Amino acid sequence: MAEWEKQGTEVVFRSMTLGDIGTIVRIERESFTAPWSEEAFRTELTQNHFARYMVMERDGAILGYGGMWLIVDEAHVTNIAVREPYRGQGLGERLLREMMRTAVWFGAKRMTLEVRVTNDRAQSLYRKLGFYESGVRPNYYSDNQEDALIMWAELEPTDEEADAQAAGSPRRPKGGAS
Ligand SMILES: CC(C)(COP(=O)(O)OP(=O)(O)OC[C@H]1O[C@@H](n2cnc3c(N)ncnc32)[C@H](O)[C@@H]1OP(=O)(O)O)[C@@H](O)C(=O)NCCC(=O)NCCS
């Protein structure tokens, strides 16, 4: 059983707000060698109408976050991260599943992302949730010219979501609307 389940406290998902950005940028810096700036997140939340960002929190503390651009029926993941001490407990999987559910709710049929060819941990998570490789972007990352693996997943609505959409009252996502 994962640590957060033993503690018996709920993990909740909600939309990222401007007030979250300070914390998000701290997690970003502990997670990536080329982290996004505060300004980048601010622009995403206030000016990019395609963008949806969500945070995952427990007891009011942000444990992770993820973002995507929803363009027609495709969801492009821009970033996903779990705070360093909380990794390996199933939280990244929960977060990505919630992002996939949110994307389906917004009408996406496919989800794509880029991942460093050396990022085995993230690639394992993506493969576990149905992503497959579709190509390589050579020298994609500007900090070390590392190649990016392009991955895609087909998104399947759950029975509950398909029924709700057919009835014209889709289940509201818990997060993701900026
Ligand atoms: C990638 C990341 C979001 C995964 O979150 P996490 O909470 O650590 O992952 P989970 O505990 O939910 O694990 C889910 C799956 O990921 C894979 N995984 C997790 N830890 C792993 C490790 N140390 N080595 C290999 N695979 C691992 C496994 O497939 C695992 O499923 P399993 O437990 O059934 O084997 C997290 O590690 C992170 O924030 N990393 C830094 C930022 C990053 O690289 N983001 C992705 C950019 S593309």
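Two strands are taken to pair if DSSP finds at least two bridges between them. In this predicted model, strand 5 and strand 7, the latter spanning residues 148-154, meet that criterion with seven bridges, and they run in the antiparallel sense. One contact in this pairing can be followed at the residue level: L113 has M151 of strand 7 as its bridge partner.

Strand 5 also has a partner in strand 4, this time in the parallel sense and over three bridges. Here A75 finds its bridge partner in M111 of strand 5. Between these two strands the chain passes through helix 4, giving a β-α-β crossover that is right-handed.

It is helpful to look at the two faces of strand 5, which covers residues 110-116. The covered face carries M111, L113 and V115, whereas R110, T112, E114 and R116 lie on the uncovered face. Both of the strand 5 residues met above thus reappear on the covered face: M111, the bridge partner of A75, and L113, the bridge partner of M151, are listed there together with V115.

Turning to the ligand, 19 residues surround it, and the closest are R87, G92, E93, S124 and L125. Strand 4 (74-82), helix 4 (91-105) and helix 5 (120-128) each contribute at least two residues to this shell. Helix 5 provides the largest share, with six residues. In terms of residue class, the shell is made up of seven nonpolar, seven polar and five charged residues. Strand 4 and helix 4 therefore appear in two settings, as parts of the right-handed crossover to strand 5 and as suppliers of the ligand shell.

Technical notes: Residues numbered from 1 in each chain as written. Predicted model: local features only at pLDDT ≥ 70, side-chain atom pairs only at ≥ 80, totals over all residues. Near = placed C-beta within 6 Å. Helix = DSSP H or I, 4+ residues; strand = E, 2+ residues; numbered from the N terminus. Nonpolar A, V, L, I, M, F, W, Y, C, P; charged D, E, K, R; others polar. Buried ≥ 20, exposed ≤ 12 C-beta atoms within 10 Å, placed from the backbone. Right-handed = clockwise from strand over helix to strand, strands pointing away.
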